[in-house]
Amino acid sequence: MNYSSYPRNDVLCIDMRSFYASVEAVKLGEDPMTVQLAVVGDTNRPGSIVLAASPTLKKKHGISNVSRFFELPDDPEIVIVAAHMADYLEVSVEITRLINQYVPKEAIHQYSVDEVWVTVNGLEKQFGNRREVAMSIKQEILESFGLTCSIGIGDNKFLAKVVMDLHAKKTGIAECKYEDVEEKLWPIPVQRIWGIGRRMQRNLNRMGIVNLGHLANFPLKTLKKRFGIMGEQLYWHAWGMDFSPVFGNFTKTEQKGFGHGISLLRDYSGEEVAACVLDLCEEACRRARTAGKAGRTIHLGIAYSKETGSGFNRSRSVLLPTNITMDVYGTAMQLFREFYDGISKIRHVYVTLDNLYDDGKTQLNLFDNKLKQKDIGFVMDTIRDKYGTTSILRATSYTDAGITIDRSHKIGGHQA
C-alpha cells in the first residue's frame with residue numbers, strides 16, 4: 001500500500017483506566033491502581049451489575065463490567081461502592097476542559113464519558129511532537145485528578161483507537177503509523193479489532209479470515225459483494241485507512257428520532273406494562289416538543305424475560321405527525337395488543353418517535369381539537385422545566401408499575 005497520497009494527522013485516543021472505579025478510589029483517598037474496588041449499579045440488589053472494577057480487582061479475581069454483585073468474592077480487602085453518575089460526568093467534563101487548554105474544541109471528539117479523540121496537529125513548537133503532547137496530557141491528568149489514562153497515537157482516529165485498545169492499555173502510551181500496520185495490527189484476531197462484533201467475526205471466520213492480515217489481503221471485490229459498504233470499510237481499516245474527519249463540531253448531530261427505553265427491575269405482566277409505556281411515551285414526546293419536532297412513526301420494542309422468550313419490535317405510521325403523548329401512547333398500545341403473546345413476562349420496553357417533521361409545519365386535524373392537547377403538553381413541560389421532572393406526573397406514574405419517579409434519581413439508568 002502506497003500511503004503517500006493519504007492524509008496524515010496527529011490523533012490521540014485517550015481512555016481513562018477503569019474510570020468509574022478510579023474516581024471512587026480517589027474520593028476515598030485510595031490509589032486507583034492498587035485498591036480492590038468495585039462500583040455497583042445498585043447495592044440493594046444482588047443481581048445488579050458491576051459497572052466498573054479497579055485494575056487490581058480485575059487481575060486478582062477476574063471481575064469485569066459484565067459481572068454481577070453476587071459474584072464478587074468474599075474478600076475483606078474488596079471495597080464496594082454505589083455508582084455516582086453525576087460525579088463521573090463532572091470529572092469527565094473537567095478532563096475535557098483540561099484538554100481544551102492544549103487544542104481548540106473543534107479538535108476534541110468525545111467518544112464516551114471516559115474516552116476521547118484529540119487532534120494535536122501543529123503543536124510541535126509549543127508542546128513538542130505528538131508523543132510528547134500525549135505524555136504531557138497524561139501527566140497533567142494524573143496530577144490534577146489522580147487518574148491514570150492510556151493513550152493511543154495514530155495517523156487517524158482508527159489507528160489511534162486500535163493501538164490504544166491493543167497496546168497502550170499495557171504500556172501506557174502506544175503509537176501506530178501507517179507503516180506499522182503490518183507489524184502491529186495484522187497478527188491481531190479480527191474479534192479484537194474495534195468495530196468487529198461477534199456476528200461479523202463468525203462471518204469472517206467462515207471465509208477463512210482469522211486475523212487482520214487475512215482481511216487486508218482478501219479481495220476487496222468479494223468483501224463488498226458479501227457485506228456491502230461495511231465490507232469496503234473493513235478492508236480499508238485492515239490497511240489502517242480511516243477518512244473520518246479529525247476537526248469539526250462533533251457535538252452537533254442530526255436528530256433522527258426520539259427514543260426512550262428501560263430495562264425493568266423486575267418482570268412485568270401484560271397488564272402492568274401500560275403504565276411503563278405511558279411514561280416512556282411522555283418522555284419521548286417531551287423531548288420532541290422541546291426540539292420543535294413531531295413524528296409520524298411510532299416504534300415499540302418489547303423484550304421478554306429470559307425464561308419466556310425473545311419479544312418483538314414493531315412500528316406503525318400515523319396520518320399526521322404528532323408529539324402529543326396520548327396519540328403516541330394509543331398507537332404504541334395498539335402495537336402491544338396486536339403482537340404481545342398474552343403470557344410472557346416483560347423485562348425491557350422501548351418507545352421511539354421518528355420520521356420527523358418540524359412541529360410548526362404539521363397540519364391540524366379539522367375533526368379533532370389537537371390544539372388543546374398540544375397546549376397541555378407544553379404546559380406540563382414548562383412546569384417540569386421550572387420545578388423538576390417529577391413536579392407534575394400522570395397518576396399511573398405513582399403506581400408500582402410506573403418508572404418515572406425511580407428514573408428521576410438516575411443518570412444513564414444508574415444512580416446519580
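Which residue in strand 4 is the bridge partner of L37? I began with this point and noted that the model is a predicted one.

**Entry 1: the pairing.** I looked up L37 and found that V79 is its bridge partner in strand 4. I then followed the two strands along their length: strand 2, residues 37-40, pairs with strand 4 in the parallel sense, over 4 bridges. I recalled that strands of a sheet pair through backbone hydrogen bonds, either parallel or antiparallel.

**Entry 2: the sheet.** I traced an open sheet formed by 3 strands in the order 3-2-4, with mixed pairing. Strand 3 (50-53) and strand 4 (79-82) are at the edges and each has a single partner strand, so one side of each lacks a neighbour in the sheet. I also looked up the turn between neighbouring strands of this sheet, which is 25 degrees on average, direction ignored.

**Entry 3: the helix on the sheet.** I turned to helix 1, residues 19-27, which packs on the sheet and touches strand 2, strand 3 and strand 4. The direction of helix 1 makes about 110 degrees with that of strand 2.

**Entry 4: burial.** Is helix 1 mostly covered or mostly uncovered? I found helix 1 mostly covered, with 7 of its 9 residues buried. I listed the buried residues in helix 1 as F19, Y20, A21, S22, V23, E24 and A25. I then asked what covers them, and the cover includes strand 1 (11-16), strand 2, strand 3, strand 4 and helix 3 (85-100).

**Entry 5: after the helix.** I finally checked the residue G29, just after helix 1, and recorded a positive phi of about 75 degrees.

Definitions and conventions:
Residues numbered from 1 in each chain as written. Predicted model: local features only at pLDDT ≥ 70, side-chain atom pairs only at ≥ 80, totals over all residues. Heavy atoms only, no water. Pairing = 2+ DSSP bridges. Axes fitted to C-alpha atoms, helices over the stretch in contact; angles between N-to-C directions. Contact = heavy atoms within 4.5 Å. Buried < 20%, exposed > 50% of the residue type's maximum accessible area, 1.4 Å probe, protein only.
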